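Reader: I would like a close look at one buried spot in this model. Please set it in the context of the whole chain, then contrast it with a place on the surface.

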Amino acid sequence: MTDKATPPPARVRPSLRASLESGRGRLLPVRVAAVAAVALLVLLAGAVGDSALRYSLVIGTIYAVAVLGNNAINGTLGEINLAAGASMAVGAYAMAWGLNHDLGLIGSLLLVLLASTAIGVLLAIPTVRLQGIFTALATFALAYAIPDVAIALSEVTGGDAGTAVPPVQVGSVLLDGSSMTMLVVVSAVFVIAGGLTLAGLAGPVGRLLFVVGESPAAARVFGVRVTIVKVAVWTWATVLGAVAGAMYAITVGYLNPTIFVLFLSISLFVAGLVGGARNVAGAWIGGLLVGTLPPNIQSFLPASSSGVVFGGVLLVALLVGSGGLGGLPDRLVTAVAERRGR
């Protein structure tokens, strides 16, 4: 009776391993708990910390939204996108233009969504026809060109002189970049985007995305419109990047082309690798590392050595959290469950 009542570990372990590698399946409650834990820690640190810490947490969480979108491409389609900073530039300048032309917060946000969706589709149609290193090179070229494009579109962006972003006030509350209110807002945006990501991965959409990413030929055999699916993923990533850029514009209050340089896109890509390409909590952790570490390192180390220290921290994070720091709880739960044969 005991042997029949106890399921054989061999049947359990593959499902756990599949969930660990895919980002869907039995470990979903662990991932939800991990996102909630990161949110609690971020808000708690912001509540007890000073304005400088809150500001860096806001920037890190904004980056995390862009990383989450970038991970949709890397984690499901298996492609390298080095243009997340370009998506942020679209959202940031669209938000600034809308606020400067009296569209208000809601109108400016709608402009951001419309502009990013249109640009995302236009850029995705040729990009999805590429694969591997060619996708990386195409998006690298786009990210490299963004500062020059911003200068060329000086009537919208302000060119080299940049453009000021009017302060945003919701009711009687001013959305100041170092305020607790702004930290709550950007955290809420990440939780919503992360919740949509987890729900999508857990359902039929996630199954479809992984089939397209891992075997496009097989997906076509079963009648899947592979190109449409890929365009949708790239557009979703562009929209999330633009939303992050819009929040960034409100936070910093001033934009110029030197903000959206190639290094930003590379940093966001690396943040996704550090956190885990298929892990929502990992996207937040990666964004926080990129957004909070550099300014805090420079506060007690010379600027000439801060880059080396930051690179060393990222390297250690990659080695310690092979598969992503955000996946550590998943791997721990999987190891315990396998040891107990459950």
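Author: This is a predicted model. Start with the surface of the whole chain. The accessible area is about 16,100 Å². Carbon and sulfur atoms hold 70% of that area. The protein chain has 342 residues, and 48% of them count as buried. Its fold contains 16 helices and four strands. Take the contacts between residues at least 6 apart in sequence: 77% of these join residues at least 24 apart.

Now zoom in on S265. This serine sits in helix 13, which spans residues 262-275. Its relative accessible area is 1%. The cut-off for buried is under 20%, so S265 counts as buried.

What does the side chain of S265 reach? One partner is the backbone nitrogen of G85, at 2.9 Å. Another is the backbone oxygen of L82, which lies 3.3 Å from a polar atom of the S265 side chain. L82 and G85 also appear in the contact list of S265, which leaves aside neighbours within four places in sequence. A83, A84, A86 and A143 complete that list.

For contrast, turn to L153. This leucine lies in the loop between helix 7 (133-152) and helix 8 (154-157). Its relative accessibility is 48%. Exposed would need over 50%, and buried under 20%; L153 therefore counts as partly exposed. L153 also belongs to a nonpolar surface patch of about 410 Å². The other members of the patch are W97, L103, V149 and V156.

In short, S265 is buried, whereas L153 is partly exposed.

Terms used:
Residues numbered from 1 in each chain as written. Predicted model: local features only at pLDDT ≥ 70, side-chain atom pairs only at ≥ 80, totals over all residues. Heavy atoms only, no water. Helix = DSSP H or I, 4+ residues; strand = E, 2+ residues; numbered from the N terminus. Buried < 20%, exposed > 50% of the residue type's maximum accessible area, 1.4 Å probe, protein only. Contact = heavy atoms within 4.5 Å. Areas by Shrake-Rupley, 256 points an atom, 1.4 Å probe, with all protein chains shown as cover. Polar contact = N/O pair within 3.5 Å; in protein donor to acceptor, adjacent residues only side chain to side chain. Patch = residues over 30% accessible without salt bridge, like charges linked within 9 Å, V, L, I, M, F, W, Y side chains within 5 Å. Salt bridge = Lys/Arg side-chain N within 4 Å of Asp/Glu carboxyl O.
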